Amino acid sequence: GELTVVIDDVRYKESMGFRRGRGHAVLFVSDVAGAAATGASVLEALPRDDPGRAPSAHQVASSGVPEDWRLFTSFAAVIVDGRAALGEDAQRALRTYAYCGGRVVVSTPRLLPAGALKTAAAELFGARALGMGQVAAIAPFDADPARNREALKGLRPLGQGLWPAPPAMFAEQPIPGLGGPPVEVFLLIILLFAVLAGPVNLIWLRRRRQPVLSVLTIPLLGVGTTALILIYGIFHDGFGARGVLRSWTVLDQVAGESATVSARTLFAGLAPDALQVEAGALVLSGRAGLGDPELPDRWHLDADSSVLDGGIVPSRMITPLLTAQFAAVDARLMFRRAGDALEVSPDGGLRVEGRAVVRDLNGDYWAGVDGTLSQVPAADGERLFATMQRDAHLVPSAEQGAALDRVWSVLPDWGAPGTYAACMGAAPWVHEHGLQVDYDERRHVVFGRLSREDIVE
């Protein structure tokens, strides 16, 4: 494939050398020439959904590593040579990519310069969860392949995850009432046409003694009726933007950071002028990504102003959008004990609407709806955590039999002491990118990690 970037009317083009359709693309970061060949055994050891498809590697030096996590999302994984001179910004971008659902494998992380990635992989051999994704530490590339293969066993298989974004993430969600024929109104219009074109038209033409004009009046009434139905349909669906939104958030209230994936299906009567892409946010469209000139969808980003052309949401078309973001978050879900119950405290700024399950720092399970929770047996608590994960389409990697339309992710620590899963009516950290949308339906599922201060006695 080729990457083309235009800056100040100067075109920069680079050939990436990936074999389309022949395996997953993996970015290999090393300052040592030929390191990707040395690390071929590590590449081969990466778990993948189709063992017959070997991943392809593209090596880049530490000086060429992007400092923006969004630029890694085209890769199924990133492998980092611990000898690479990765700066703090590049390490932070790689750590954020992992937190937002990616996979980062580090060989001998102790050799890395100080930075966020080194901290995330420190004192680690094997894979562990990090937000929605994973980070793994392995031995040197030339170590015993069996040892590194063992270390990578816990890594989610390539092809099962958020990045590259699977087609299922761009599936249309039904918008209640949109495009649904208002049967009673249409029947009334058709009945009116029948009355006008039949007895009224006949009586009027007889009085004028011009029955031959019926060859004109009946077609004209038919055209008028059709136009009336079309105009009603246009005004019925409106000229603004409406739609549905589902979001899934990992909220670490201890560290004050979050990763969110949002799936929107929008219908805009008139296309917006532009979308604002906030720092740390990614906006994708399945149709616009096809680059089909016959489709009205387009993805044009002004990198200087972070403004995305409004053509990503064409007028009067149902458009699914996928957005992802990493952000620092001050809001938190807080609880207070009220007798034998746990109640959501308004002090944290978040409100539960629907189901919630909590495992407090003592290991006890609590469950309930709309912010009032009672203690439940451990077996019920574990079942509720698993149910919340499945409903959010973020399912454990151990569930190999999941349907293809599931979005795979890793949340193995949810259900551990000090974690919760909750449905919320509002998530203030979710960006709207400057769109004014009248949502017919919103659903936010939050998987959170509690600090000791979040449960008030």
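This passage describes the confidence, architecture and selected local features of a predicted protein model.

The model is predicted, so local features are given only at pLDDT of at least 70 and side-chain atom pairs only at pLDDT 80 or more, whereas totals for chains, interfaces and linings use all residues. Residues are numbered from 1 along each chain as its sequence is written, and side-chain values use heavy atoms, with hydrogens and water left out.

Confidence was examined before the fold. The protein chain has an average pLDDT of 83 (the predictor's confidence in each residue, from 0 to 100). A score of at least 70 is reached by 86% of the residues. Helix H3 (residues 88-99) has the highest confidence, at 96. Confidence is lowest in strand S21 (residues 394-395), with a mean of 41. Two stretches remain under 50. Over residues 14-21, pLDDT stays under 50, and the model has 19 contacts (heavy atoms within 4.5 Å) beyond four places in sequence for them. Over residues 394-408, pLDDT also stays under 50, with 35 contacts beyond four places in sequence. Where pLDDT is low, the predicted coordinates should not be read in detail.

The protein chain contains eight helices and 25 strands. Helices (H or I, at least four residues) and strands (E, at least two) are DSSP runs, numbered from the N terminus. The chain has 457 residues, of which 48% count as buried. Buried means under 20% relative accessible area, exposed over 50%, and partly exposed in between (1.4 Å probe, protein chains only). Of the contacts between residues at least 6 apart in sequence, 71% join residues at least 24 apart. The chain exposes about 22,200 Å² (Shrake-Rupley method, 1.4 Å probe; for residues, only the protein chains shown count as cover). Carbon and sulfur atoms supply 56% of that area.

Strands of a sheet pair through backbone hydrogen bonds, either parallel or antiparallel. Here, two strands pair if DSSP finds at least two bridges between them. One open sheet has 12 strands and mixed pairing. Its order is S12-S15-S10-S9-S24-S23-S18-S19-S20-S17-S16-S25. Strand S12 (281-285) and strand S25 (455-456) are the edge strands, each pairing on one side only. S16 and S25 pair in the parallel sense over two bridges. Phe-335 has Ile-455 in S25 as its bridge partner.

Arg-336 lies in strand S16 (residues 334-338). Its relative accessibility is 38%, so Arg-336 counts as partly exposed. Arg-336 and Asp-454 are 118 residues apart in sequence, yet their C-alpha atoms are 8.2 Å apart. Beyond its neighbours within four places in sequence, Arg-336 contacts Ala-341, Leu-342, Glu-343, Ser-345, Pro-346 and Val-456.

Ala-268 belongs to strand S10 (residues 257-268). Ala-268 counts as buried because its relative accessibility is 1%. Its C-alpha is 6.4 Å from that of Arg-242, with the two positions 26 residues apart in numbering. With neighbours within four places in sequence set aside, the contacts of Ala-268 include Gly-240, Ala-241, Val-313 and Pro-314. Ser-315, Arg-316 and Met-317 are also among them.

A second open sheet has three strands, ordered S11-S14-S13, with antiparallel pairing. Strand S11 (274-276) and strand S13 (301-302) stand at its edges with a single partner strand each, so one side of each lacks a neighbour in the sheet. S11 and strand S14 (residues 307-309) pair in the antiparallel sense over three bridges. Ala-274 has Asp-309 in S14 as its bridge partner.

Backbone geometry was considered next. Most residues other than glycine have a negative phi, and most peptide bonds are trans. Ser-306, in the loop between S13 and S14, has a positive phi near 55 degrees. Ser-306 is partly exposed, with a relative accessible area of 26%. Asp-370 also has a positive phi near 55 degrees. The loop between strand S19 (365-369) and strand S20 (372-376) holds Asp-370. Asp-370 is exposed, at 55% relative accessible area. A cis peptide bond joins Trp-163 and Pro-164, with omega about -10 degrees. Pro-164 is in the loop between helix H5 (145-151) and H6.

Leu-188 lies in helix H6 (residues 183-208). At 57% relative accessibility, Leu-188 counts as exposed.
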